[in-house]
Amino acid sequence: MSHNTIALNKQRQPLDHLDSVWLFGYGSLIYKADFPYLQCKPACIYGWQRRFWQGSHDHRGTPEAPGRVLTLTEAPGARCAGMAYEVTPDTFEHLDHREKNGYLRVFTELHWLDEPGQAQGLVYLASADNEAYLGPDTDAAIAAHIASSAGPSGPNSDYLLKLAQALRDMNEHDEHVFAIERELIKRVPCYKRQK
């Protein structure tokens, strides 16, 4: 599958018939909502876990030297917390461009963290069959990769550090994210946990 998934997402998931759609963010969408939304709520999804296994050729790296960003991998019994945004379908013009580097939209059930209830929502995920997929590695190797990567959206390390802090602000623990953050800080001591 190509890096650029804009057309594929529009073809697979037409949304024009809906008044609004919930979007689940588990990475930079938690702390960087650069789009209009009707409301937002902390939420989680079950059966998925965050992993720094996707290459970023367009935001946190370049085509010649991709950075590492998150995707989701299936994991029975896992719980992934993030932020859900209710948006109008036209917002996906921007979101599909932002998430075009190998990510496909998939409907999943969202569970609210601060109140009872749930809703169907969309999540962007990048599977192993896309050209930008980097796959697993050790925490130390992923941290080294992140430490040396940057792209049009800034240093790859900012993505990791801001995400780790956003999860702490939500009182959520993600061992994968925090382990890579620890390795990054060991490797580059000037990086400190965000306050």
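**Group meeting: a walk through a predicted model**

I will start at E172, which sits in the loop between α5 and α6. Before going on, a reminder that what you see is a predicted model.

How exposed or buried is E172? Its relative accessibility is 15%, and the cut-off for buried is under 20%, so E172 counts as buried. Setting aside residues up to four places away in sequence, E172 touches R79, A81, L113, L167 and F178. One of those contacts, R79, is also a salt-bridge partner: the side chains of R79 and E172 meet with 2.9 Å from N to O. R79 lies in strand β3, residues 67–87, while E172 is in the loop between α5 (156–169) and α6 (175–187), so the pair ties together parts that are 93 residues apart in sequence. The two ends of this bridge can be set side by side. R79 is partly exposed, at a relative accessible area of 39%, whereas E172 is buried, at 15%.

Stay in that loop for a moment. N171 also lies between α5 and α6. N171 is not a glycine, yet it has a positive phi of about 60°. Is N171 buried or exposed? With a relative accessibility of 71%, N171 counts as exposed. So the loop holds N171, which is exposed because its value of 71% is over the 50% cut-off, and E172, which is buried.

Now the chain as a whole. Its secondary structure comes to six helices and seven strands. In sequence order the pattern reads α-β-α-β-β-α-β-β-α-β-β-α-α. The radius of gyration is 16 Å, close to the 16 Å from the globule rule for 195 residues, so the protein chain is as compact as a globular protein of that length. Along the principal axes, the C-alpha atoms fill a box of roughly 50 × 35 × 30 Å.

What share of the 195 residues is buried? The figure is 53%. Turning to contacts with a separation of 6 or more, 74% of them are made by residues 24 or more positions apart. The accessible surface of the chain is about 9100 Å², and carbon and sulfur atoms account for 51% of that.

Next, charges. The protein chain has 20 positive and 25 negative charges, and the mean positions of the two sets are 7 Å apart. How many salt bridges does a search of the whole structure find? It finds 10. You have already seen R79 with E172; here are some others.

R105 and D96 meet through their side chains in a salt bridge, at 2.5 Å from N to O. Both of these residues, R105 and D96, are buried.

K186 and E183 form another salt bridge, where the closest N and O atoms are 3.2 Å apart. Both lie in helix α6, three residues apart, which is about one turn of the helix. K186 is exposed, with a relative accessible area of 58%, and E183 is partly exposed, with 22%. There is also a network: D34, R98 and E99 are joined into one by salt bridges that share partners.

R98 comes up again in the surroundings of H59. H59 lies in the loop between β2 (39–56) and β3. Which residues does H59 touch, not counting those up to four places away in sequence? They are R98, G151, P152, S153 and G154. H59 is partly exposed, its relative accessible area being 26%. As for distance, the C-alpha atoms of H59 and L23 are separated by 20 Å, and the two residues are 36 apart along the chain.

L23 also appears in the contacts of the last residue I want to show, M83. M83 is found in strand β3, the strand that also carries R79. M83 has a relative accessibility of 14% and counts as buried. Leaving aside neighbours within four places in sequence, M83 is in contact with L23, F24, G25, I30, C40, K41, P42 and M170. For G25 there is a C-alpha distance to go with the contact: M83 and G25 are 58 residues apart along the chain, and their C-alpha atoms are separated by 5.2 Å.

To end where I began: strand β3 holds R79, and the R79 side chain meets that of E172 in a salt bridge.

Conventions
Residues are numbered from 1 along each chain as its sequence is written. This is a predicted model: local features need pLDDT of at least 70, side-chain atom pairs count only at pLDDT 80 or more; totals for chains, interfaces and linings use all residues. Side-chain values use heavy atoms; hydrogens and water are left out. Helices (H or I, at least four residues) and strands (E, at least two) are DSSP runs, numbered from the N terminus. The radius of gyration is taken over C-alpha atoms; the globule rule is 2.2 Å times the number of residues to the power 0.38. Buried means under 20% relative accessible area, exposed over 50%, partly exposed in between (1.4 Å probe, protein chains only). Contact means heavy atoms within 4.5 Å. Accessible areas come from the Shrake-Rupley method with a 1.4 Å probe; for residues, only the protein chains shown count as cover. Lys and Arg count as positive and Asp and Glu as negative; His and the chain ends are not counted. The place of a charge is taken as NZ of Lys, CZ of Arg, CG of Asp or CD of Glu. A salt bridge is a side-chain nitrogen of Lys or Arg within 4 Å of a carboxyl oxygen of Asp or Glu.
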